[in-house]
Amino acid sequence: MTTVRIHHREYEIRAEDTAYLEELAAILDRKMAEVAAQTPTVDTLKVAVLAALNLADDWLSAEKKLETFRRDVTERAQRLLSRLLEAEAAAARGPSSLE
């Protein structure tokens with residue numbers, strides 16, 4: 001069991017990767033502190049829900065950026081492959097076709 005501290009409370013959590021769990025807990029603790037600083041409520045559950053919504057927003061934004069990046073890389077790779085295949089075909093036809 002690993003003890004992590006999240007928003008002023010300690011939790012005993014079982015994890016295979018203690019360092020990873022501690023990193024996750026630190027992220028959640030920071031997000032809850034940010035929300036608590038911006039929200040007039042002292043209700044821990046409300047702070048936790050708002051922090052979870054913020055984290056979900058961060059995750060979804062990152063997913064969308066990753067998908068756009070993957071699409072761009074795929075398109076560029078396909079264009080490059082087409083150029084390489086054209087060059088290969090031209091080379092196969094002989095030196096005069098490369099000009």
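Colleague: How many bridges join strand S1 to strand S2?
Modeller: This is a predicted model. In it, S1 covers residues 2–6 and S2 covers residues 9–13. The two strands run antiparallel, and the number of bridges joining them is five.

Colleague: Which residue of S2 does Val4 stand opposite?
Modeller: Val4 is among the residues of S1 that point to one face and are buried. Across from Val4, in S2, stands Tyr11.

Colleague: Which residue in S2 stands opposite Arg5?
Modeller: Arg5 and Thr3 point to the other face of S1 and are not buried. The residue of S2 opposite Arg5 is Glu10.

Colleague: Along S1, which side chains point to one face and are buried?
Modeller: The side chains of S1 alternate along the strand. Thr3 and Arg5 point to one side and are not buried, which leaves, on the opposite face and buried, Thr2, Val4 and Ile6.

Colleague: What phi does His7 take in the hairpin of S1 and S2?
Modeller: Most residues other than glycine have a negative phi. His7 is not a glycine, yet its phi is positive. The hairpin has two residues between its strands, and in it His7 takes a phi near 50°.

Colleague: What is the phi of His8?
Modeller: His8 is found in the loop between S1 and S2. His8 is a residue other than glycine, and its phi is positive, near 70°.

Colleague: Is His7 buried or exposed?
Modeller: His7 is found in the loop between S1 and S2. Buried means under 20% relative accessible area. The relative accessible area of His7 is 14%, so His7 is buried.

Colleague: Is His8 buried or exposed?
Modeller: His8 is in the loop between S1 and S2. The cut-off for exposed is over 50%. His8 has 65% relative accessibility and therefore counts as exposed.

Colleague: Which residues is His7 in contact with, leaving aside its neighbours within four places in sequence?
Modeller: His7 is buried. With those neighbours left aside, the contacts of His7 are Asp29, Met32, Ala36, Thr44 and Val47.

Colleague: At what angle do helix H1 and helix H2 pack?
Modeller: H1 runs over residues 18–38 and H2 over residues 44–93. Their axes are 9 Å apart, and the packing angle is about 115°.

Colleague: Are H1 and H2 roughly parallel or roughly perpendicular to each other?
Modeller: The helices pack at an angle of about 115°. Angles of 65 to 115 degrees count as roughly perpendicular. H1 and H2 are therefore roughly perpendicular.

Colleague: Is the crossing of H1 and H2 left-handed or right-handed, and which residues make the contact?
Modeller: H1 passes H2 in a right-handed crossing. From H1 the contact is made by Ile27, Leu28, Lys31, Met32, Val35 and Ala36. From H2 the residues are Thr44, Val47, Ala48, Leu50, Ala51, Asn54, Leu55 and Asp58.

Colleague: How many residues in the contact of H1 with H2 are nonpolar?
Modeller: Among the residues of this contact are Lys31 of H1 and Asp58 of H2. By class, two residues are charged, two are polar and the nonpolar ones number ten.

Colleague: How far apart in space are Glu75 and Glu34, C-alpha to C-alpha?
Modeller: Glu75 is found in helix H2. With 37% relative accessibility, Glu75 counts as partly exposed. Glu75 and Glu34 are 41 residues apart in sequence, and their C-alpha to C-alpha distance is 39 Å.

Colleague: What separates the C-alpha atoms of Asp57 and Ala19?
Modeller: Asp57 lies in helix H2. At 48% relative accessibility, Asp57 counts as partly exposed. Asp57 and Ala19 are 38 residues apart along the chain, and their C-alpha atoms are separated by 24 Å.

Terms used
Residues numbered from 1 in each chain as written. Predicted model: local features only at pLDDT ≥ 70, side-chain atom pairs only at ≥ 80, totals over all residues. Heavy atoms only, no water. Axes fitted to C-alpha atoms, helices over the stretch in contact; angles between N-to-C directions. Helix = DSSP H or I, 4+ residues; strand = E, 2+ residues; numbered from the N terminus. Parallel < 35°, antiparallel > 145°, perpendicular 65-115°, else oblique. Left-handed = near helix turned anticlockwise from the far one by under 90°. Contact = heavy atoms within 4.5 Å. Nonpolar A, V, L, I, M, F, W, Y, C, P; charged D, E, K, R; others polar. Buried < 20%, exposed > 50% of the residue type's maximum accessible area, 1.4 Å probe, protein only. Pairing = 2+ DSSP bridges.
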